[in-house]
Amino acid sequence: MKMRSSKTLVFYPGPNKVTACNFLTRSVFECSPEMVGLLASWDKWASTTDIARAHGWSKSELKAVVPQLLDFSALVTAGSPLAEQEEQFSGQWSWGLPTALMHFCVQDSEYMTIEQAEERQIERAGHTPQPDLLLKNSAGAIQLPNALEDNELLSLMARRRTNRTAARPTITAKQLSDCLFAGLGIIGETANCVGALPLGMTPSGGARNPYEAYVVALGVDGLEPGVYHYSAADHDLGRISANHLPKISELVGGQEWADSMPCLILLCARLDRTMWKYEDANAYRVVLIEAGHIGQNIMLAATNHGLSACPTAALNHSAIKRLLGLDSLTDAPIYALTLSTPERDPSTRANPSISRPTMCSPASNAFPGYNQRQEQHVPNQSLRQSEIDSLQYISSMTNELVQMAEASRFPMISYLLGMAYAEAFDVLRGARPARHAQLSGNPLHPKAQAKDNRAAQPRRA
Ligand SMILES: Cc1cc2nc3c(=O)[nH]c(=O)nc-3n(C[C@H](O)[C@H](O)[C@H](O)COP(=O)(O)O)c2cc1C
């Protein structure tokens, strides 16, 4: 059996030992200087007998260490899947070892639970204060004009919030469509010395367009639950998997809140598109930066529809690649966003004293083990389903209106809407009785007499 040392090993020295890392397999192990010497000399396909003869190792010494070196993927067997993977790596990866080390070592990380992450933060805060999260100028700084006044675009941006609780189990196909188009839609073409280049809704380094989007649709009205590829070229969805439909949390590092989300957009880079033009490793950063542009456009389109898009970089890369059938070494899941109609957290309800939009994020933000604690929301048992639907719709809409009023600096309107939201929410969770008013004859509620009060139901596409 022929073997050689792995081509994807990196060594770094420490006191009395050398640590080795195979970045393709993410195997990290300690080596004695003799082992480093053995691996360095075993760089071509050779049997243990060849190595023993050429480098003065006894056969029994080799027999003792080879199984462990194979186990650590320090040695690779000819014809094995790992040998094939290394072959792919040397043929396809042109951004050098430091970038490869970074890229492959952060695949499939183990993510902490929110409790673990919080415990760590509390422990760290006990001995090391947090760095300032905002930098202020000293007195005498030049005050700039109010940015949010009379500015719809900036007000829309200010309304964008990450929300991890879905008020409704579905979103509409139109909402999904607009989010995808905002992020990845192709709206033109340009050309360079070697051919046509697509122009999209976001900038792309060298117009290389490295991203493809995939949708795990579990609750999109009019769309069979399934996994779809979004073709930016044709603005359509092609179904790619009819088999096992995973829970969303299985793809986003076990974040359980994601399982109530109607849909997940996965942004996967085809690194080869950018690599083809740019050999410089800085192009790797270019690709990552582009995910941010696309994600932000998706989030703004979502906000415009009254949705919240929650971004996440805590991915289960291998599971995603398997699900999507991506088998190239240079296909890389980078970023993902859930879409949902947000449910407002009552703790952030409008306060008449707040005249600026709140700039703060939810308190428990547990990087790297994102697993945001969920508000348990059990609808009031005494309500009919149609009433629950109506209240959920009202609460999510009043939530949107509160944010609009806050962003536009209408504190009193924001307060009154906040009260309406709070009441709807309290009735929903049974903290306040539902008063079924007699509305017959009220010209403001013409449908109130209808037997099955359909008019008050949430809209459906
Ligand atoms: C690159 C990136 C990764 C993120 N990853 C996660 C994540 O894994 N889980 C999560 O719940 N939120 C994640 N977030 C959302 C942040 O927690 C959120 O943006 C932050 O709390 C500020 O709130 P805001 O989005 O409402 O402004 C991520 C945001 C960014 C930009």
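Two residues count as in contact when their C-beta atoms, placed from the backbone, lie within 7 Å. Keep that one handy for the exercises below.

The model is a predicted one: local features need pLDDT of at least 70, side-chain atom pairs count only at pLDDT 80 or more, and totals for chains, interfaces and linings use all residues. Residues are numbered from 1 along each chain as its sequence is written.

**Exercise 1. Get the overview: how many helices and strands does the protein have, and what share of its residues is buried?**

Step 1. Helices (H or I, at least four residues) and strands (E, at least two) are DSSP runs, numbered from the N terminus. On that basis there are 13 helices and 13 strands.

Step 2. A residue is buried if 20 or more other C-beta atoms lie within 10 Å of its own, exposed if 12 or fewer, and partly exposed in between, with C-beta atoms placed from the backbone. Buried residues come to 31% of the 461 residues.

Step 3. Now the contacts. Take those with a separation of 6 or more: 72% of them link residues 24 or more positions apart.

**Exercise 2. Work out the strand order of the open three-stranded sheet and find its edges.**

Step 1. Two strands pair if DSSP finds at least two bridges between them. As general background, strands of a sheet pair through backbone hydrogen bonds, either parallel or antiparallel.

Step 2. Here the order is β2-β3-β4, with antiparallel pairing. β2 (9-14) and β4 (27-31) are at the edges with a single partner strand each, so one side of each has no neighbour in the sheet.

Step 3. Check the twist. Neighbouring strands are turned by 25 degrees against each other on average, direction ignored. The axes behind such angles are lines fitted to C-alpha atoms (for helices over the stretch in contact), and angles run from 0 to 180 degrees between N-to-C directions.

Step 4. Count bridges. β2 and β3 (residues 17-22) share six, with F11 partnered by A20 and Y12 by T19. β3 and β4 share five, and C21 sits opposite V28 in β4.

Step 5. Look at the turns. The β2-β3 hairpin has two residues between its strands, and N16 in the turn has a positive phi of about 65 degrees. The β3-β4 hairpin has four residues in between, and R26 there has a positive phi of about 55 degrees.

**Exercise 3. Describe the six-stranded sheet, and say which helices lie on it.**

Step 1. This open sheet has the order β10-β9-β8-β11-β13-β12, with antiparallel pairing. Its edge strands, β10 (236-241) and β12 (308-312), each pair on one side only. The twist averages 30 degrees from one strand to the next.

Step 2. Zoom in on β8 and β11: they pair in the antiparallel sense over seven bridges, and E212 has C268 in β11 as its bridge partner.

Step 3. Add the helices. α10 lies across β8, β11, β12 and β13 (331-340), at about 15 degrees to β13. Helix α11 (residues 317-324) also packs on the sheet, touching β8, β9 (226-231), β10, β11 and β13, and its direction makes about 85 degrees with that of β13.

Step 4. Pick a residue in the sheet. A269 belongs to β11 (residues 263-270). A269 is buried because it has 22 other C-beta atoms within 10 Å. Leaving out residues up to four places away in sequence, A269 touches P210, Y211, V287, A332 and I334. A269 and A213 are 56 residues apart in sequence but 8.8 Å apart in space, C-alpha to C-alpha.

**Exercise 4. Which residues of α8 are buried, and where do they sit around the axis?**

Step 1. Q175, L176, C179, L180, G183 and L184 are the buried ones.

Step 2. They span an arc of only 130 degrees around the axis, so they are on the same side of α8. The arc is that of the directions from the helix axis to the C-beta atoms.

**Exercise 5. Two residues in the β7-β8 loop have positive phi: buried or partly exposed?**

Step 1. A207, in the loop between β7 (195-200) and β8 (211-217), has a phi of about 50 degrees although it is not a glycine. N209 lies in that loop too, with phi near 50 degrees.

Step 2. A207 is partly exposed because it has 16 other C-beta atoms within 10 Å. N209 has 21, so N209 is buried.
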